[in-house]
Amino acid sequence: MLLEIEDGIAWVTLNRPEKRNAINPGIVYAMREIMAQVETDDRCKVMVLTGAGEAFCAGMDLKEYFRETDNDPVERARLVRANGDWQWRHLRVFSKPTIAMVNGWCFGGAFTPLISCDLAIASQDAVFGLSEINWGIIPAGVVSRAVAAVVREREAMYYIMTGDKFDGRRAAEIGLVNEAVPAEQLRERTVELARKLMDKNPTVLKQAKIAHRIASEMSWEQGADYLMAKSDQSLLHDAERGRDTGMSQFLDEKSFRPGLGAYRRDTSL
Ligand code: COA
């Protein structure tokens with residue numbers, strides 16, 4: 001695993017290029033540590049998850065994660081727990097914005113961290129696949145559930161049932177990633193998006209993303225009540241007093257339009 005911090009971005013790189021960054025126990029346990037580190041390091045404003053070499057991630061390691069623990073239920077259970085911890089329990093509600101930068105092969109188990117990141121940008125020629133059906137298993141872990149959260153139903157069923165691969169452009173069409181760009185622009189576009197997120201009020205950004213994640217699985221009644229409480233919590237925690245500043249700039253100073261751009265943050269508060 002590789003962690004590089006540069007201009008506010010924590011670049012977290014799955015770093016087993018010779019194994020196409022397949023997720024083995026080493027990656028599972030390292031990711032838990034790295035995410036805890038990124039979350040508490042003030043230099044990290046946005047986390048980008050990517051892969052070394054020609055792959056984003058070739059899914060779970062069939063040898064080290066599966067076969068070698070087939071007869072060791074205790075270690076398997078420990079691994080499944082730890083893997084779920086980083087891939088979705090923590091990643092979905094990570095307190096800082098997250099972007100998956102899909103640079104190449106992306107298969108099976110890799111879909112979970114991909115979908116758990118808030119945003120995703122792919123290289124147009126990255127290759128995706130729910131390959132499980134091709135070798136006699138179903139997209140488990142929590143892959144199928146994750147896919148249902150972002151991909152339209154017809155396409156989800158098609159790719160789960162056929163195992164057909166598809167490219168970055170198609171991934172954008174079906175909602176699996178936000179956009180696909182030519183490979184040579186991938187990093188530049190990711191940095192551009194990260195900078196846009198870094199300009200926002202970090203407290204409100206954190207509350208907004210977590211609120212959306214949780215509310216999307218609630219009934220409307222529960223959602224309305226939870227969101228009002230979350231909104232109050234956001235105001236309480238916002239040291240910048242963003243709402244007051246924004247209101248005043250719009251209503252009193254008439255110096256900005258919320259529909260047209262961001263208020264001028266007062267980070268001195
Ligand atoms: N688990 C374990 N090892 C894997 C792996 C995985 N998911 N994906 C790749 N590797 C290993 C290969 O076994 C090979 O190891 P070796 O050098 O010891 O033989 C090495 O990584 C390179 O892979 P290789 O298949 O030779 O590379 P490629 O560039 O020709 O093909 C892929 C790349 C991604 C198309 C191919 O490796 C593949 O299909 N991987 C499995 C993808 C998948 O279905 N994942 C879902 C798992 S849930």
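E155 counts as buried, at 13% relative accessibility. This value comes from a predicted model. The cut-off for burial is under 20% relative accessible area, so E155 falls within the buried class. The residue sits in helix α6, which spans residues 153-162. Beyond the residues up to four places away in sequence, E155 touches R170 and I174. Its side chain also meets that of R152 in a salt bridge, at 2.8 Å from N to O. R152 is partly exposed, with a relative accessible area of 45%. The bridge thus pairs a buried acid with a partly exposed base.

Salt bridges were then searched for across the whole structure. The search finds 24 of them. Side chains of opposite charge can pair when their charged atoms come close. One of the bridges joins R76 and D70, with 2.6 Å between N and O. R76 counts as partly exposed, at 21% relative accessibility. Another bridge is formed by R213 and D118. Here the closest N and O atoms are 3.2 Å apart. This pair links distant parts of the chain, its members being 95 residues apart. R213 belongs to helix α9 (residues 202-215). D118 lies in the loop between α4 (111-116) and β7 (119-123). R213 is buried, with a relative accessible area of 14%. D118, at 24% relative accessibility, counts as partly exposed.

The nonpolar interior was examined next. In soluble globular proteins, nonpolar side chains tend to be buried together. The largest nonpolar core in this model holds 47 residues. Within this core, F56, F111, L114, F128 and L176 touch the most other members. Helix α1 (residues 25-40) gives the most to the core, contributing six residues. A second core is separate from it and has 13 residues. Among its members are I9, V46, L193 and A194.

Nonpolar side chains also appear at the surface. L62, W135 and I137 form a nonpolar patch there. Together, these residues have about 270 Å² of accessible area. W135 is placed in the loop between β8 (127-129) and α5 (143-150). At 40% relative accessibility, W135 counts as partly exposed. The class of partly exposed residues lies between the cut-offs of 20% and 50%, which is why W135 is not counted as exposed despite its place in the patch.

Helix α11 covers residues 242-252. Its buried residues are G242, T245, G246 and Q249. Around the axis they cover an arc of only 95°, so they lie on the same side of α11. An α-helix has 3.6 residues a turn, so residues three or four places apart point the same way. Just after α11, K254 takes a positive phi of about 50°. The segment after α11 also contains L260. With a relative accessible area of 76%, L260 is exposed. The cut-off for exposure is over 50%, so L260 is in the exposed class. The C-alpha atoms of L260 and A149 are separated by 30 Å. Along the chain, L260 and A149 are 111 residues apart.

Technical notes
Residues are numbered from 1 along each chain as its sequence is written. This is a predicted model: local features need pLDDT of at least 70, side-chain atom pairs count only at pLDDT 80 or more; totals for chains, interfaces and linings use all residues. Side-chain values use heavy atoms; hydrogens and water are left out. Helices (H or I, at least four residues) and strands (E, at least two) are DSSP runs, numbered from the N terminus. Contact means heavy atoms within 4.5 Å. Patches are made of residues with over 30% relative accessible area and no salt bridge: like charges are joined within 9 Å, nonpolar side chains (Val, Leu, Ile, Met, Phe, Trp, Tyr) within 5 Å. Accessible areas come from the Shrake-Rupley method with a 1.4 Å probe; for residues, only the protein chains shown count as cover. A salt bridge is a side-chain nitrogen of Lys or Arg within 4 Å of a carboxyl oxygen of Asp or Glu. Buried means under 20% relative accessible area, exposed over 50%, partly exposed in between (1.4 Å probe, protein chains only). A nonpolar core is a set of buried Ala, Val, Leu, Ile, Met, Phe, Trp, Tyr and Cys residues joined through side-chain atoms within 4.5 Å. The arc is that of the directions from the helix axis to the C-beta atoms.
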